[in-house]
Amino acid sequence: MSDDFILDTDDLQRRMDGAMANLKTEFASLRTGRASGSMLEPIMVDAYGSQTPINQVGTVNVPEPRMVTINVWDKGLVGKVEKAIRESGLGINPQLNGTIIMLPIPELNEERRRELTKVAGQYAEHGRVSIRNIRRDGMDQIKKAKSDGMSEDDQKFWETEVQELTDKMIKVVDTSLETKQEEIMQV
């Protein structure tokens with residue numbers, strides 16, 4: 001029976017890729033001084049009795065490098081969208097023009113840039129923890145198989161596989177963090 005054990009490394013890889021996708025989404029929500037439609041993705045609007053993403057109540061555009069516009073489809077939701085943006089903590093002051101909400105992106109000062117790099121570091125650490133938790137799940141499966149009679153050589157092989165996968169994903173997290181921090185600190 002011990003020879004039949006095959007760790008589903010594809011499942012571990014898929015779960016680690018999911019952790020990376022989550023990290024990329026969190027990074028996209030951080031302002032870098034440049035306008036980006038993705039910075040509005042985490043914001044939810046109370047529309048039609050449920051929490052709805054902004055991109056489902058209007059069209060998000062980036063007409064110039066320091067401006068994001070939202071063309072709200074339903075006039076009745078303009079106030080709710082504006083309120084959601086104000087309360088989101090993005091630090092952007094929305095300006096109304098009919099059903100169009102304009103979001104001028106202010107220059108980031110040095111202090112705010114440093115704060116954002118720390119936030120990015122926290123996001124990266126959460127990503128690393130998620131990847132390590134997935135690694136722990138894989139190692140637990142190996143330990144269980146060892147107690148069921150897996151040979152020590154097989155155990156070492158699978159542990160090495162899981163560790164290599166983990167190291168590769170942690171390196172991707174670190175590289176993504178460096179890139180994001182450089183992007184934030186760029187004037």
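This is a short group-meeting talk about the helices of one predicted model and a few residues picked out from its strands and loops.

Okay, so just to be clear up front, what we have here is a predicted model. I'll start with helix α1, then go on to its partners, and finish with some single residues.

So, α1 runs over residues 9-28. That's 20 residues, and from the first C-alpha to the last it reaches 28 Å, close to the 28 Å expected at 1.5 Å a residue. Now, which residues of α1 are buried? We get Leu-12, Gln-13, Met-16, Ala-19, Met-20, Leu-23 and Phe-27. If you look down the axis of α1, those buried residues fall within an arc of 120°, so they line one face of the helix. Turn to the other side of α1 and you find Asp-10 and Arg-14, which are exposed.

What covers that buried face? The cover for the buried residues of α1 includes α3, residues 110-147, and α4, residues 152-185.

Let's take α3 against α1. These two pack at an angle of about 170°, and their axes are 10 Å apart. That makes α1 roughly antiparallel to α3, since anything over 145 degrees counts as that. As for who meets whom, the α1 side brings Leu-12, Arg-15, Met-16, Ala-19, Leu-23, Glu-26 and Phe-27. Across from them, the α3 side has Ala-120, Tyr-123, Ala-124, Ser-130, Ile-131, Ile-134, Arg-135, Asp-137 and Gly-138. Split by class, the contact of α1 with α3 has ten nonpolar residues, two polar and four charged.

I want to zoom in on Leu-12, which sits in helix α1. How buried is Leu-12? Its relative accessible area is 1%, and the cut-off for buried is under 20%, so Leu-12 counts as buried. Leaving out residues up to four places away in sequence, Leu-12 touches Leu-7, Ile-134, Gly-138, Val-162 and Leu-165. Take Ile-134 from that list: along the chain, Leu-12 and Ile-134 are 122 residues apart, yet their C-alpha atoms are separated by 6.6 Å.

Next up, α4. With 34 residues, α4 should span 50 Å at 1.5 Å a residue, and its end C-alpha atoms are 49 Å apart, which agrees. The buried residues of α4 make a longish list, so I'll just read out some, including Trp-158, Val-162, Leu-165, Met-169, Val-173, Ser-176 and Ile-184. Polar and charged names turn up there too, among them Gln-155, Thr-166 and Lys-180. The cover over the buried residues of α4 includes α1 and α3.

How do α3 and α4 sit against each other? They pack at an angle of about 170°, with 10 Å between their axes. That makes α3 roughly antiparallel to α4. The contact of α3 with α4 takes in 14 nonpolar, six polar and eleven charged residues.

One residue to look at in α4 is Ser-176. Is Ser-176 buried or exposed? With a relative accessible area of 17%, Ser-176 is buried. Setting aside neighbours within four places in sequence, Ser-176 is in contact with Met-20, Lys-24 and Phe-27. And Met-20 and Phe-27, remember, are on our list of buried residues in α1.

Right, now away from the helices. Ser-38 has its place in the loop between α1 and β1, and β1 is residues 44-47. Not counting residues up to four places away in sequence, Ser-38 touches Ala-28 and Ser-29. Ser-38 and Val-60 are 22 residues apart in sequence, and C-alpha to C-alpha they are 9.2 Å apart in space.

Over in strand β3, residues 58-64, we have Pro-63. Pro-63 is exposed, with a relative accessible area of 55%. Pro-63 touches Val-68 and Thr-69, again not counting residues up to four places away in sequence. From Pro-63 to Ala-35 the separation is 28 residues in sequence and 9.0 Å in space, C-alpha to C-alpha.

And last, Tyr-48. Where is Tyr-48 found? Tyr-48 is in the loop between β1 and β2, and β2 is residues 50-53. Its phi is positive, about 55°, although Tyr-48 is not a glycine. Tyr-48 is also exposed, with a relative accessible area of 62%.

That's my tour, thanks.

Notes: Residues numbered from 1 in each chain as written. Predicted model: local features only at pLDDT ≥ 70, side-chain atom pairs only at ≥ 80, totals over all residues. Heavy atoms only, no water. Helix = DSSP H or I, 4+ residues; strand = E, 2+ residues; numbered from the N terminus. Expected span 1.5 Å × (residues − 1). Buried < 20%, exposed > 50% of the residue type's maximum accessible area, 1.4 Å probe, protein only. Arc of directions from axis to C-beta. Contact = heavy atoms within 4.5 Å. Axes fitted to C-alpha atoms, helices over the stretch in contact; angles between N-to-C directions. Parallel < 35°, antiparallel > 145°, perpendicular 65-115°, else oblique.
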